[in-house]
Amino acid sequence: MSAALVAVVLWVQPRIVQPSVTVSNGLNLRSAPDARAQRVTILPVGTRVEVQRCLKDLSWCQVRYGDQRGWAAADYLIARSDGQRVRLADAGRQIGVVIETASPGG
């Protein structure tokens, strides 16, 4: 009976929708939210990535690109909001990105 209860609880949990955004310039995907952090890969213009979460100040967002995950500067991530193209750094809260409340890695 407890397994059925767990299944019901998981079924009714709200699903977090992670916005898909497009890279506006060639963009380095970094291992940490810092321009000096190790580069994981380069994301070409027009690449679609899935936003996992962003720092509180919306300067960096952790994104997933295929099987790779890393941090990208939010100024170069473009989302759609109300039919308009918007920079994630400007409109992240309005479109519902998850905001990181703790320091990265801590």
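Read from the N terminus, the protein chain of this predicted model follows the pattern α-β-β-β-β-β-β-β-β-α-β. It contains two helices and nine strands. Of its 106 residues, 33% are buried. The accessible surface amounts to about 6,900 Å², and carbon and sulfur atoms account for 51% of that area. Among contacts between residues at least 6 apart in sequence, 48% link residues at least 24 apart.

**Strand pairing**

Strand 5 (residues 60-65) pairs with strand 4 (residues 48-55) and also with strand 6 (residues 68-73). The table sets out the two pairings.

| Strands | Sense | Bridges | Citation |
|---|---|---|---|
| Strand 4 and strand 5 | antiparallel | four bridges | residues 48-55 and 60-65 |
| Strand 5 and strand 6 | antiparallel | six bridges | strand 6 is residues 68-73 |

Individual bridge partners can be located in both pairings. Glutamate 50 has arginine 64 of strand 5 as its bridge partner, while cysteine 61 is partnered by alanine 72 of strand 6. Each pairing also forms a hairpin. In the hairpin of strand 4 and strand 5, four residues lie between the strands, and leucine 58 adopts a positive phi near 55°. In the hairpin of strand 5 and strand 6, two residues lie between the strands, and glycine 66 in the turn has a positive phi of about 65°.

**Strand 1 and strand 4**

Threonine 22 is located in strand 1 (residues 20-23). With a relative accessible area of 18%, threonine 22 falls under the 20% limit and therefore counts as buried. Its side chain makes a polar contact of 2.9 Å with the side chain of arginine 48. Leaving aside residues up to four places away in sequence, threonine 22 touches Gly46, Thr47, Arg48, Tyr76, Leu77 and Ile78.

Valine 49 belongs to strand 4. Because its relative accessibility is 2%, valine 49 is classed as buried. Its C-alpha atom is separated by 5.5 Å from that of valine 21, although the two residues are 28 residues apart along the chain.

**Helix 2**

Helix 2 (residues 88-95) has Leu88, Ala89, Ala91 and Gly92 as buried residues. These residues cover an arc of only 165° around the axis, so they lie on the same side of helix 2. The face turned away from that buried side carries the exposed residues Asp90 and Gln94. Cover for the buried residues of helix 2 includes strand 1, strand 4, strand 5, strand 7 (77-81) and strand 8 (84-87). After helix 2 comes glycine 96, with a positive phi near 90°.

**The nonpolar core**

In soluble globular proteins, nonpolar side chains tend to be buried together. Here the largest nonpolar core comprises 22 residues, and those with the most contacts inside it are Val51, Cys61, Val63, Leu77 and Leu88. At least two residues of this core come from each of strand 1, strand 2 (27-30), strand 4, strand 5, strand 6, strand 7 and helix 2. Strand 4 gives the most, with four residues.

Leucine 77 shows how these elements meet. Not counting residues up to four places away in sequence, leucine 77 touches Val21, Thr22, Val23, Leu27, Val49, Cys61, Val63, Ala72, Val86, Arg87 and Leu88. Threonine 22, in strand 1, and valine 49, in strand 4, are thus both among the residues that leucine 77 touches.

How values were computed
Residues are numbered from 1 along each chain as its sequence is written. This is a predicted model: local features need pLDDT of at least 70, side-chain atom pairs count only at pLDDT 80 or more; totals for chains, interfaces and linings use all residues. Side-chain values use heavy atoms; hydrogens and water are left out. Buried means under 20% relative accessible area, exposed over 50%, partly exposed in between (1.4 Å probe, protein chains only). Contact means heavy atoms within 4.5 Å. Accessible areas come from the Shrake-Rupley method with a 1.4 Å probe; for residues, only the protein chains shown count as cover. Two strands pair if DSSP finds at least two bridges between them. A polar contact is a pair of N or O atoms within 3.5 Å; within protein, one must be able to donate a hydrogen and the other to accept it, and residues adjacent in sequence count only if both atoms are side-chain atoms. The arc is that of the directions from the helix axis to the C-beta atoms. A nonpolar core is a set of buried Ala, Val, Leu, Ile, Met, Phe, Trp, Tyr and Cys residues joined through side-chain atoms within 4.5 Å.
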